[in-house]
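Hi everyone, thanks for coming. Have a look at the structure on the screen, and I'll talk you through a few of its strands.

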Amino acid sequence: MKSTENLLIEGLPKGIAKRFLALCEPFELVLSTELSVRGTQLSHAYFPRSGFISLVIDIDSHPPLEVGMVGRESMLGSELVLGMAKTPWRALVQGAGHCWRIEADVLRQAMVDMPALERVLQRSLMVRLHQQSLASACERFHPIGPRLARWLLMSQDRAEADHFHVTQEFISLMLGVRRVGVTKAASDFQKDGIIQYTRGELRVLDRAGLEREACSCYEADKLLHNELMSMK
């Protein structure tokens, strides 16, 4: 049976994982829910078991831009590892699912009581910092098509399904580009039989084809995660 546990929790020693889960509560990730607001105190940390969350930043009068994505490989609220409780972004549920939720103060104490937990969360934070740096370079240097392919692969990985709900308007906001650019790239993928898109429902028909279209940042992102999370 496929695991549906958060991978950070799954990577803890069994005894530590059991102690940690006793401090958490199940929480439903409802589509489009805003879990954190820029500049406000984090009340909880979230460990997705399914579904995924976008980290979105607002700058002046510009449209929002996605600067990170959190699925069951990671957590929302890693700022708490550094003793911080405010974030520069909003966290929006992009894919509905389920997670574990823990109060911020309880998590801080848990890291003191369980050093193995603290080490795992510190590595997760390091991964996110590296990935966000890579995402910034990707946005600056890579064309819309390869970036769209990368984003769709990342979304599919976290949805753990070949289909999910997403609008072209939302994709354009996440990529920080005009909708017409997303429409053109998505149309090209449809003509090539890579995806099927109808009224907000997107299905990946050719995963290998999508990987060929994606920029190198997709594989680099996965390599970063695997290397940093396996550090002793």
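Let me start with a question: which residue stands opposite G97 in strand 7? It's L29. Keep in mind as we go that this is a predicted model.

L29 belongs to strand 1, residues 25–29, and that strand is joined to strand 7 by five bridges, with the two running antiparallel. Strand 7 also pairs with strand 3, residues 44–48, again through five bridges and in the antiparallel sense. If you'd like a residue to click on there, try H44, whose bridge partner in strand 7 is E103.

So how enclosed is strand 7? This strand covers residues 97–103, and five of its seven residues are buried, so the rest of the structure largely encloses it.

Now scroll further along the chain, please. Here we have an open sheet of three strands, in the order 8-10-9, with antiparallel pairing. Strand 8 (163–165) and strand 9 (195–198) are the edge strands; each has a single partner strand, so one side of each has no neighbour in the sheet. From one strand to the next, the twist averages 15°.

Let's zoom in on one of those pairings. Strand 9 and strand 10, residues 201–204, run antiparallel and are joined by four bridges. Within that pair, Q196 sits opposite R203 of strand 10. As a general reminder, strands of a sheet pair through backbone hydrogen bonds.

And what lies across these three strands? That's helix 5, residues 144–159, which lies across strand 8, strand 9 and strand 10 and runs at about 100° to strand 8.

That's my tour, so over to you for comments!

Notes:
Residues are numbered from 1 along each chain as its sequence is written. This is a predicted model: local features need pLDDT of at least 70, side-chain atom pairs count only at pLDDT 80 or more; totals for chains, interfaces and linings use all residues. Side-chain values use heavy atoms; hydrogens and water are left out. Two strands pair if DSSP finds at least two bridges between them. Axes are lines fitted to C-alpha atoms, for helices over the stretch in contact, and angles run from 0 to 180 degrees between N-to-C directions. Contact means heavy atoms within 4.5 Å. Buried means under 20% relative accessible area, exposed over 50%, partly exposed in between (1.4 Å probe, protein chains only).
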